[in-house]
Amino acid sequence: MELRQLRYFVAVAEREHVSEAAFELHVAQSAVSRQISNLESELGVQLFERAGRNVHLTPIGNIFLTHIKSALKGVDYAKKQVDEYLDPERGSIKIGFPTSLAGNLLPTVLSAFKRSYPNIRFQLRQGSYNFLIEAVRNREIDLAFLGPVPDNQPDIIGKVLFMENFYALIPSSNAISTKEIISIADLEHENFVLFPEGYVLHQLVIDACIRSGFTPNIQSQGEDLDAIKGLVAAGIGITLLPESAFNDLNTAYSAKVAIDNPPIQRTVGIIIPKNRNLAPSQKVFYHFIQDYFEIEE
């Protein structure tokens, strides 16, 4: 088997169309068909079933795809290690981040890093809490910023960079918005606007309210920060957000109010895989971030 054959196979499998795969690969359709045929002959199995102009993986083709995608990731990673060994300041890093860290933390640290290492490139991927953990585990991304930092993942290393407080975001039409500080118990009879169930910020708010003796009345939900803030500004309800989410608050329609008795906090940090070494440029970034937050403290 040749690497070229395997890459052609993956391209066809993902698009279920030979001509579309050929276009993406910048080669002739006949070349893709020939290499797929040679691969099937060498393996002695049929990887695809033809259905008009499309193709679909056979059951054994699906199994083969899973293993080949993993193998190609390993090959690409090995090549990346060699390239970056020769010049660790000219690599490429795949970085994941959640929506709550997109507005302030990410642009701040990346711009600082680029000033010191202008030739290292970034590929950025936004995702949910669990997606980012799985993506680091499966080599889809190299490392990720996350909050809270997980401490129960056996194949993930979490480095805490700082702690941040949660604040209440209150519509300006609500009398609570004029207070300087409130307790969670003060919000028992309010309507809440939260992220959907399954989002880590959803569960953090639910847990905080339950610890204060009540279950929040969820009036509406939004899947990103802009939606949450917009719903609060419209007077639909209140929400609780980490401090890093307040960098672009429109104070004409809503107010940021401190929370005490008890305060709500989360850790914020960076996660890396435990069972494989970081490439040189990734190590440069990882250590830079740790040094950056030590200086900031």
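Two strands pair if DSSP finds at least two bridges between them. The exercises below apply this rule and others to a predicted model.

**Exercise 1. Determine how strand 6 and strand 10 are related, and which residue stands opposite proline 242.**

Step 1. Strand 6 covers residues 156-171, and its pairing with strand 10 comprises 4 bridges. This count satisfies the rule of at least two bridges.

Step 2. The sense of this pairing is antiparallel.

Step 3. Opposite proline 242 of strand 10 stands phenylalanine 166.

Step 4. The side chains of strand 10 (residues 239-242) point two ways: Thr239 and Leu241 to one side, Leu240 and Pro242 to the other. All of these residues are buried.

**Exercise 2. Describe the surroundings of strand 5: its partners and the direction of its side chains.**

Step 1. Strand 3 runs parallel to strand 5, and 2 bridges join them. Within strand 5, leucine 143 has isoleucine 95 opposite.

Step 2. Strand 12 (residues 265-273) pairs with strand 5 in the antiparallel sense, over 3 bridges. Here phenylalanine 145 has isoleucine 270 of strand 12 as its bridge partner.

Step 3. Leu143 and Phe145 point one way from strand 5, while Ala144 and Leu146 point the other way. All of them are buried.

**Exercise 3. Classify phenylalanine 97 as buried or exposed, and identify its contacts.**

Step 1. Phenylalanine 97 belongs to strand 3, which spans residues 92-97.

Step 2. Its relative accessibility is 8%. Buried means under 20%, so phenylalanine 97 counts as buried.

Step 3. With neighbours within four places in sequence left aside, the contacts of phenylalanine 97 include Ala102, Leu106, Leu124, Leu132 and Phe145.

Step 4. Glutamate 188 lies 91 residues away along the chain from phenylalanine 97, and their C-alpha atoms are separated by 32 Å.

**Exercise 4. Locate aspartate 142 and find the polar partners of its side chain.**

Step 1. Aspartate 142 sits in the loop that lies between helix 6 (129-137) and strand 5 (143-146).

Step 2. The relative accessible area of aspartate 142 is 9%, and therefore the residue is buried.

Step 3. A polar atom of the aspartate 142 side chain is 2.7 Å from the backbone nitrogen of lysine 94. The same side chain makes a polar contact of 3.2 Å with the side chain of glutamine 282.

Step 4. Beyond neighbours within four places in sequence, aspartate 142 also touches other residues, among them Lys80, Ser92, Val136, Pro273 and Arg276.

**Exercise 5. Compare the exposure classes of isoleucine 176, isoleucine 210 and leucine 43.**

Step 1. Isoleucine 176 occupies the loop between strand 6 and strand 7 (181-182). Its relative accessible area is 10%, so isoleucine 176 is buried. Contacts of isoleucine 176, apart from neighbours within four places in sequence, include Ile182, Leu187 and Val257.

Step 2. Isoleucine 210 is placed in helix 7 (residues 200-211). Its relative accessible area is 48%, so isoleucine 210 is partly exposed.

Step 3. Leucine 43 is in helix 3 (residues 29-43). At 31% relative accessibility, leucine 43 is likewise partly exposed.

Step 4. Leucine 43 contributes to a nonpolar surface patch of about 410 Å². Met1, Val45, Ile60 and Ile63 are also part of this patch.

Key. Residues numbered from 1 in each chain as written. Predicted model: local features only at pLDDT ≥ 70, side-chain atom pairs only at ≥ 80, totals over all residues. Heavy atoms only, no water. Helix = DSSP H or I, 4+ residues; strand = E, 2+ residues; numbered from the N terminus. Buried < 20%, exposed > 50% of the residue type's maximum accessible area, 1.4 Å probe, protein only. Polar contact = N/O pair within 3.5 Å; in protein donor to acceptor, adjacent residues only side chain to side chain. Contact = heavy atoms within 4.5 Å. Patch = residues over 30% accessible without salt bridge, like charges linked within 9 Å, V, L, I, M, F, W, Y side chains within 5 Å. Areas by Shrake-Rupley, 256 points an atom, 1.4 Å probe, with all protein chains shown as cover. Salt bridge = Lys/Arg side-chain N within 4 Å of Asp/Glu carboxyl O.
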